[in-house]
Amino acid sequence: MSGHQRRSEKRRRWGGLRQQWKLLGLFEIDQQHEFYSLTCMMKEGLAAAIQTTIDKAPTDEVSDDDFRLEITQIHKDFTMETFAGPVFASLRGSLGMTEQEYQQSLCSENCYLQFISNSKSKADFFLTNDKRFFLKTQNKREIKFLLSNLKIYMEHLRKYPHSLLVKFLGVHRIKTPQRRKKYFIVMQSVFYPDDRINARYDIKGCEVSRWTDPAPEGSQIIVVLKDLNFEGQYITLDQQRPWLLQQVEIDTHFLRRLSVLDYSLLLAHQPLHHDERHQTLSFATFIIRTKKSVNQSPSPVHTGAAAVPGEVPEDDAILLLTETDSRYLKQPQAGDASIGSTLQSCTKHSGPSGDATELPDFRAQNRRLLPNLKNPLHIIDGPEQRYFIGIIDIFTVYGFKKRLEHLWKRLRHPGRSFSTVSPQTYCIRLCQWVQDHTK
């Protein structure tokens with residue numbers, strides 16, 4: 001049998017398995033899998049790229065040149081390029097992640113997992129075996145958009161360290177002699193750890209095509225549900241509700257200024273155990289959580305760099321809706337209190353002399369008391385449920401093609417809400433959805 005025939009047979013056999021496994025949502029990429037070769041190259045390339053960072057002495061700041069840096073490493077059957085490596089290494093460090101553990105998770109001998117998404121995107125999704133990191137293929141336009149706005153993105157995370165935006169941890173390109181270039185990004189998984197999660201949702205704040213058939217009761221099938229599946233339910237946070245409303249507003253306004261739409265609010269929940277619901281906050285635990293929340297990593301942006309386009313002015317500490325936008329939103333419930341105020345008062349007395357001038361302004365940065373968990377930036381505990389929340393898919397720009405799509409959908413779905421709307425409308429609508437579905 002020729003090489004071409006063997007490849008055709010392998011594709012045919014895999015096509016049949018794919019139809020059987022598609023409902024599972026998640027499965028291992030073993031030697032019979034169509035993406036086995038690609039993921040092996042990813043692992044090998046990432047191991048070398050991360051090792052370069054480990055071997056290089058760390059620096060507290062990154063320069064303008066680091067944002068434009070491209071490093072090519074040649075391997076036996078492929079080459080891999082790493083874009084803005086020092087910038088992403090800086091971000092990983094600011095998240096409390098060591099390069100060794102990052103390398104161990106991405107490059108272990110265990111197989112990657114493929115996630116079969118119900119998204120319309122043509123991208124391929126992979127998870128590390130420990131489910132901590134996502135790898136996603138992207139097209140050249142999306143990569144160019146991310147890299148051209150990387151400095152603005154990093155500045156946003158510096159100003160708002162507890163942002164819900166997805167954390168991009170690396171951008172790479174693999175090239176083989178026979179195939180075209182393959183771009184991919186590495187992201188932190190919002191749903192980590194996922195061993196107890198019992199429901200997952202992808203929320204866009206609209207109704208057209210926003211229903212997914214749930215998995216049969218008692219099955220192990222992983223299905224990401226949508227807006228209409230969530231109707232009649234609430235994200236119950238009590239005191240942390242104002243923080244969530246504010247952070248969603250901050251992050252969506254940032255995306256609006258980049259003319260981005262069609263992003264998703266990822267949401268999952270799991271019940272808290274009895275001891276988690278009724279545990280008392282000991283002084284030692286409070287100190288640990290406060291230290292995690294206060295921790296100020298060095299700014300990832302070189303202080304001497306030129307002003308970042310779209311940067312939030314220093315005196316505009318918290319992004320607020322304009323008067324026009326505010327008419328679309330209801331006022332939050334009276335009596336809600338942000339736990340950030342507790343941190344704010346604590347830091348006033350944290351220094352030996354009670355001087356907190358060097359500590360961050362918690363209200364301006366909209367910080368909260370983070371949980372002492374593995375994925376604290378995306379986990380919020382309510383009275384009965386633990387919620388995993390993040391904003392993903394931030395590459396769709398409202399250009400000519402999307403404007404035409406908007407006009408076409410207005411004709412096809414009169415009087416109904418759909419995802420392709422202006423960035424301003426999208427931002428306001430998602431903020432409204434969060435406000436209407438939280439308490």
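This is a conversation between a trainee and a mentor about a predicted model of a protein chain and how its features earn their labels.

Trainee: How do you know that confidence varies along the protein chain?
Mentor: The mean pLDDT of the protein chain is 83, and 77% of its residues reach 70 or more. Over residues 14-23, in contrast, the pLDDT is below 50, although beyond near neighbours in sequence this stretch has 11 contacts in the model. Residues 331-339 also stay under 50, and there the model has 17 contacts beyond four places in sequence.

Trainee: What makes up the protein chain in terms of helices and strands, and what percentage of its residues count as buried?
Mentor: The protein chain has 16 helices and 13 strands, and 49% of its 439 residues count as buried. As for contacts with a separation of 6 or more, 74% of them come from residues 24 or more positions apart.

Trainee: Why is D227 called buried?
Mentor: Buried means under 20% relative accessible area, and D227 has 1%, so the label applies. This residue is found in helix α8, which spans residues 227-230.

Trainee: What does D227 touch, leaving aside residues up to four places away in sequence?
Mentor: D227 touches D202, I203, K204, G205, C206, R210 and W433. In the case of C206, the two residues are 21 apart in sequence, while their C-alpha atoms are 6.9 Å apart in space.

Trainee: Which backbone nitrogens lie at a polar-contact distance from the side chain of D227, and how do you know that?
Mentor: The cut-off for a pair of N or O atoms is 3.5 Å. The backbone nitrogen of K204 lies 3.1 Å from a polar atom of the D227 side chain, and that of C206 lies 3.3 Å from a polar atom of the D227 side chain, so both pairs are within the cut-off.

Trainee: What makes β1 and β2 edge strands of the sheet of 8 strands?
Mentor: The sheet is open, with antiparallel pairing and the order β1-β4-β5-β6-β8-β7-β3-β2. Because β1 (26-28) and β2 (70-74) each have a single partner strand, one side of each is left without a neighbour in the sheet. On average, neighbouring strands of this sheet are turned by 25 degrees against each other, direction ignored.

Trainee: How do you know that β3 and β7 count as paired?
Mentor: At least two bridges are required, and β3 (residues 79-83) and β7 (residues 168-175) share 5 bridges in the antiparallel sense, so they pair. The bridge partner of F83 is V171 in β7, that of M80 is I174 in β7, and E81 stands opposite R173 in β7. Helix α4 (residues 85-94) packs on the sheet, touching β3 and β7, and its direction makes about 145 degrees with that of β7.

Trainee: Which strands does the chain join by hairpins to β3 and to β7?
Mentor: β2 and β3 form a hairpin with 4 residues between them; these two strands run antiparallel and are joined by 5 bridges, with T79 in β3 as the bridge partner of I74. A hairpin through 6 residues joins β7 to β8, and β7 pairs with β8 (residues 182-188) in the antiparallel sense over 6 bridges, where I174 stands opposite K182 in β8.

Trainee: Why is β7 called mostly covered, and what can be said of β3?
Mentor: In β7, 7 of its 8 residues are buried, and in β3 the count is 4 of its 5 residues, each residue being counted when its relative accessible area is under 20%.

Trainee: How do you know that the buried residues of α5 are on the same side of the helix?
Mentor: In helix α5 (residues 99-107), the buried residues are E99, Y102, Q103, S105 and L106. They cover an arc of only 165 degrees around the axis, which puts them on the same side of α5.

Trainee: What do the buried residues of α5 pack against?
Mentor: They pack against α2 (36-55), α4, β6 (133-138), β7 and β8. Two of these strands have appeared above, since β7 and β8 pair in the antiparallel sense, and α4 was the helix that packs on the sheet, touching β3 and β7.

How values were computed: Residues numbered from 1 in each chain as written. Predicted model: local features only at pLDDT ≥ 70, side-chain atom pairs only at ≥ 80, totals over all residues. Heavy atoms only, no water. pLDDT = per-residue confidence, 0-100. Contact = heavy atoms within 4.5 Å. Buried < 20%, exposed > 50% of the residue type's maximum accessible area, 1.4 Å probe, protein only. Polar contact = N/O pair within 3.5 Å; in protein donor to acceptor, adjacent residues only side chain to side chain. Axes fitted to C-alpha atoms, helices over the stretch in contact; angles between N-to-C directions. Arc of directions from axis to C-beta.
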